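User: Please take a close look at how the aromatic rings are arranged in this model. Then go through the other side chains that can be placed with some detail, and keep the account connected.

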Amino acid sequence: MNEFFHISILLEPCLDALNIRPDGVYIDATLGGAGHSYHIASRLSDAGTLLCIDRDDEALQNAETRLAPVRQRVRLCKSDFRKLDEVLAREGFDKANGILFDLGVSSPQLDHGERGFSYMQDAPLDMRMDRQQALTAYDVVNTWSREDIRRILFEYGEERYAPLIAAAIERRRAEKPIETTLELVDIIKSAMPAKAKREKQHPAKRSFQAIRIAVNDELGAVAEAMDKAIDVLAPGGRLAVITFHSLEDRIVKTAFQKAAQGCICPKDFPVCVCGRKPRVKIITRKPIVPDSGELAENARARSAKLRVCEKI
């Protein structure tokens, strides 16, 4: 097995945000390289428990080694984080004292070229976080309609050349199936004007991001998971979420604002009749971002934002 190494982003701010109680119940909903998990579990006593959720078998296998020193406080759970309420109940707990999400693709998934996440290495078009899932990037690229491909490139990748790229994909797959990552990179480049290919960002970055999000239903999962995470938090429990994409960040910000809202009666009502009470208080009015030191050590932290709320 390849080494599953990952630099934990915004580590200290996350640990501070979670307000860890040594005997508490915590969830790392995105285990990944287990860096955050290791440090959370290290702050627990043997009376505390950390549930680590991931749908990637490599991440779970790696965690057996990475978390060995704190393994007695950790439970590894193969699941989709949108089912964290089911995982919590299955493990015998009603509520969690803190939950962490580190969203997006992990560094090992990018670095292991055979997974098909990277536009820098040749591999079959895959991009599945859970390799037992049916839908792959090959299916999206070769079977989805031109309009659906255009839509995801524009909505999930914010790719301004989405119509040109979708048309180029449709033309090429009419000749033969598009099978590998570098084939797709060539098609994307061929569809873009010369000035776009001179930009600092790789020409295929936005498209690959969009296809990955579609394959793994990442945005749908985030929206569903935020509601469930807030539901299962104990009073005083903290929810900390790291995002790397403006659409994810918007979903998280909106979920926090909605949960923090109290009365929704019309302003001209003399008294509240809706009875709605805030469920959380927002701890971070503005998201926490990496400092210059962290950015110098890890360029992948560049777009990271951390938002935190606390259950009332």
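Analyst: **Aromatic pairs and buried side chains**

Across the whole structure, a search finds two aromatic pairs (ring centres of Phe, Tyr or the six-membered ring of Trp within 6.5 Å; stacked under 30 degrees between planes, edge-to-face over 60, tilted for the rest). The pair of phenylalanine 81 and phenylalanine 101 has its ring centres 5.2 Å apart and its planes at 85 degrees, so it is edge-to-face. This is a predicted model, in which local features need pLDDT of at least 70 and side-chain atom pairs pLDDT 80 or more, while totals for chains, interfaces and linings use all residues. Numbering starts from 1 along each chain as its sequence is written, and side-chain values use heavy atoms, without hydrogens or water.

Phenylalanine 81 is in the loop between β3 and α4 (84-90), and phenylalanine 101 is in strand β4 (residues 96-102), so their pairing ties together parts 20 residues apart in sequence (DSSP runs numbered from the N terminus: helices H or I of at least four residues, strands E of at least two). Both rings belong to buried residues: phenylalanine 81 has a relative accessible area of 15% and phenylalanine 101 one of 0% (buried is under 20%, exposed over 50%, partly exposed in between, with a 1.4 Å probe and protein chains only).

Tyrosine 119 and phenylalanine 208 make an edge-to-face pair as well, at 5.8 Å between centres and 85 degrees between planes. Here the loop between α5 and α6, which holds tyrosine 119, is tied to helix α11 (residues 205-216), which holds phenylalanine 208, so the pair links parts 89 residues apart in sequence. Phenylalanine 208 is buried at 2% relative accessibility.

Glycine 113 is in the loop between α5 (107-111) and α6 (137-143). With 8% relative accessibility, glycine 113 is buried. Beyond its neighbours within four places in sequence, glycine 113 is in contact with Gln121 and Ala123 (heavy atoms within 4.5 Å). From glycine 113 to valine 273 the C-alpha distance is 57 Å, with their positions 160 residues apart in sequence.

Strand β7 (residues 305-311) contains glutamate 310, and arginine 307 is in strand β7 too. Both count as buried, glutamate 310 with a relative accessible area of 15% and arginine 307 at 8%.

The side chain of glutamate 310 makes a polar contact of 2.6 Å with that of arginine 238 (N or O atoms within 3.5 Å; within protein, one able to donate a hydrogen and the other to accept it, with sequence-adjacent residues counted only if both are side-chain atoms). Setting aside neighbours within four places in sequence, glutamate 310 touches Arg238 together with Gly236, Gly237, Arg279, Val280, Lys281 and Ile283.

For arginine 307, the side-chain partner is aspartate 249, through a polar contact of 2.7 Å. Apart from its neighbours within four places in sequence, arginine 307 is in contact with Asp249, and also with Leu239, Ala240, Val241, Val252, Lys253, Phe256, Thr284, Arg285 and Pro287.
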